[in-house]
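Biologist: Pick one spot in the protein interior and give me a close look at it. Start with what it touches, then work outward from there.

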Amino acid sequence: MQYVILIYSNPASRQTFDALPPARRKAGLNAFRALNEQLTRSGEMLATALLADPSLAKQVHVSHGQTVTGDGPFAEAKEHLAGFYLIDCDDIDTAIAYGAQVHEAAAGVDLIEVRPVMTFNADEM
Amino acid sequence: MIIGRELEQTLREQTPRVLAVLVRRYGDFAGCEDAVQQALLAAAEQWPAAGVPANPTGWLVRVAARRWVEQWRSDAARRRREELAASRQPPGPNPVPDTEDTLTLLMLCCHPALTPASQIAITLRAVGGLSTGEIARAFLVPEATMAQRISRAKQAIKASGAQFSTPPPEELPDRLAAVLHVLYLTFNEGYTATSGTALTRVDLTAEAIRLTRQLHDALPDNGEVTGLLALQLLTDARRPARARPDGALIPLAEQDRARWDTQAITEGTALIGGALAAAPVGPYQLQAAIAALHDEAASYQATDWPQILTLYQLLESLAPGPMITLNRIIAHAMVHGPAAGLHELAAAEADPALADHHRTHAVRAHLLDETGDTDAARAEYQLAAQRTLSIPEQLYLQARAAALPH
């Protein structure tokens, strides 16, 4: 079963993170590294990325065949996606346990969301 | 690399044979397995031009042994023991039949110390002769992920202290059950796949059938081994009719039965008939018997539903599971009518595994539609569509909901 672990942040939690002493921030990064190694070794890691600051985001629209881009997230957006994991593990409880590890590692995280991934497979009906 | 289908088959059939010879000689499963993969690769490169050698097993064993020794020599930690190994007597001709080697290898690869995902991966590589890349593409995961699973599986086998030998008799039933489960899961992964073509994905159904056949050769009198082989053949027989060219699903009731593979049905039916007559009954045999009844029916309506219901009741008492219960309820409704089916479904929902499951909603939608309650049926189809993790199934369920008259 594949799951995505979505890491959400918001300006307030981001400020909390930035205000942390460097040692605490470094410990968080090390915890991330350890989790990545654990998932890789177990053969459950499919992909992961931490995303750059939302101010660097581009909004993409296609209108009448023309690609139109805009800057940044919508002003009213409170939460932004800060990173994700795509993992392949036995069940959602395992994925939730990894989600909890992500939450522990990332002091600047507001919310972790675990969601099952859809497949192109189908049983007989 | 593109090599001929026939050569590919030859190489895969050689895999367990060659690996068994090496493991018996050197004892080091992980290192031997790597060496055999390298020998298979060398054969795939050289044989198309040079021709298949007169003794392909001998060729592969020679090359694999050379690779193993090279690897072993380059391993500095083991250098000191080199002399000891060099003094070993070369082994005589293989005294054990190939079928027994395959069985021993299957049991080693499906060792209980491994996770199911690792068992499947190492089985396909060590017994099936597939490359890591092929296995990764078959399961739609990155090659690095699959390489990690295989390496972890080998470490787990080593750490467990498992030897290349038949497990003690008291462990045999459990070990065989694990092998059957791995072959069942591998088949299912291939059968449920609706995307990917033969060009990009190995046919896991064909691979599972081939390995189950080998297991059946080793244990021809085991009813559950025969049952699993029959189940695979009887299920795979319907594959040509189960989806439209665009990948859209066709339910059993609407499949064009003329497109079913009659040869596979004949073979599967004969296998399950023989097993049921001779061996104690088990879950795979019951599932095969149900599949045989479907395959022999001229139409969905003309299916022997009373007998299918009896078989599902037996299966539910022998190996209970939420999906078995749902299938039993479908059969119940076919025999006793949709209202009776809805009644059974309401009772079954006490099981948390079935409450709010997309399949439960889909079955209720179908039964409500049969009773004429189209509004309730539509709502249930929509709930099922929201909850499924399968994209083709979601499209199908949405189409069913949309097709109901307002």
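Modeller: Let's go with B:Leu60. Leaving aside residues up to four places away in sequence, B:Leu60 touches B:Leu11, B:Gln14, B:Val18, B:Ala39, B:Leu40, B:Ala43 and B:Trp47, where contact means heavy atoms within 4.5 Å.

Some housekeeping before we move on. This is a predicted model, so local features need pLDDT of at least 70 and side-chain atom pairs count only at pLDDT 80 or more, while totals for chains, interfaces and linings use all residues. Residues are numbered from 1 along each chain as its sequence is written, chains are lettered from A and ligands numbered from 1 in the order in which they are written, and side-chain values use heavy atoms, with hydrogens and water left out.

Back to our leucine. The largest nonpolar core has 99 residues, and B:Leu60 is one of the four that touch the most other members, alongside B:Leu22, B:Phe29 and B:Leu215. Such a core is a set of buried Ala, Val, Leu, Ile, Met, Phe, Trp, Tyr and Cys residues joined through side-chain atoms within 4.5 Å; buried means under 20% relative accessible area, exposed over 50%, and partly exposed in between, with a 1.4 Å probe and protein chains only. Helix 2 of chain B is the top contributor to this core, giving ten residues. Helices here are DSSP runs of H or I with at least four residues, strands are runs of E with at least two, and both are numbered from the N terminus. Apart from that core there is another, of 20 residues, including B:Ile329, B:Ala362, B:Val363 and B:Leu404. In soluble globular proteins, nonpolar side chains tend to be buried together.

One of the leucine's partners, B:Trp47, leads us to the aromatics. Over all chains, the search turns up six aromatic pairs. Rings of Phe, Tyr and Trp (its six-membered ring) pair if their centres lie within 6.5 Å; planes under 30 degrees apart are stacked, over 60 edge-to-face, and the rest tilted. B:Trp47 and B:Trp59 make an edge-to-face pair, because their ring centres are 5.1 Å apart and their planes sit at 70°. B:Trp47 belongs to helix 2 (residues 29–50) of chain B and B:Trp59 to helix 3 (residues 56–74) of chain B, so the pair ties together parts that are twelve residues apart in sequence. Both B:Trp47 and B:Trp59 are buried.

Next to that, try B:Phe187 and B:Tyr191: with centres 5.7 Å apart and planes at 10°, these rings are stacked. They share helix 9 (residues 172–192) of chain B, four residues apart, which is about one turn of the helix. B:Phe187 and B:Tyr191 are both buried too. B:Tyr191 also has company from a charge, since B:Arg242 lies over its face at 4.6 Å from the ring centre. The charged end of B:Arg238 likewise sits over a ring, that of B:Trp260, 5.9 Å from its centre. For this, NZ of Lys or CZ of Arg has to be within 6 Å of the ring centre and within 35 degrees of the ring normal. Three more aromatics, B:Tyr26, B:Trp68 and B:Trp72, form one cluster.

What about disulfides? There are zero over all chains, counting a pair of cysteine sulfur atoms within 2.5 Å. Take B:Cys32, whose closest cysteine sulfur, in B:Cys109, is 13 Å away and so too far for a bond. B:Cys32 is buried, at 0% relative accessible area.

Zooming out, chain B comes to 19 helices and zero strands. Its C-alpha atoms fill a box of roughly 80 × 40 × 40 Å along the principal axes, and 50% of its 406 residues are buried. Of the chain B contacts with a separation of 6 or more, 63% join residues 24 or more positions apart. The domain assignment splits chain B into domain 1 (1–86), domain 2 (101–160 + 171–219), domain 3 (223–303) and domain 4 (334–406), with bounds that come from an automatic or database assignment. The C-alpha centres of domain 2 and domain 4 of chain B lie 34 Å apart.

Chain A, for contrast, has three helices and six strands, running β-α-α-β-β-β-β-α-β along the sequence. Buried residues make up 32% of its 125 residues.
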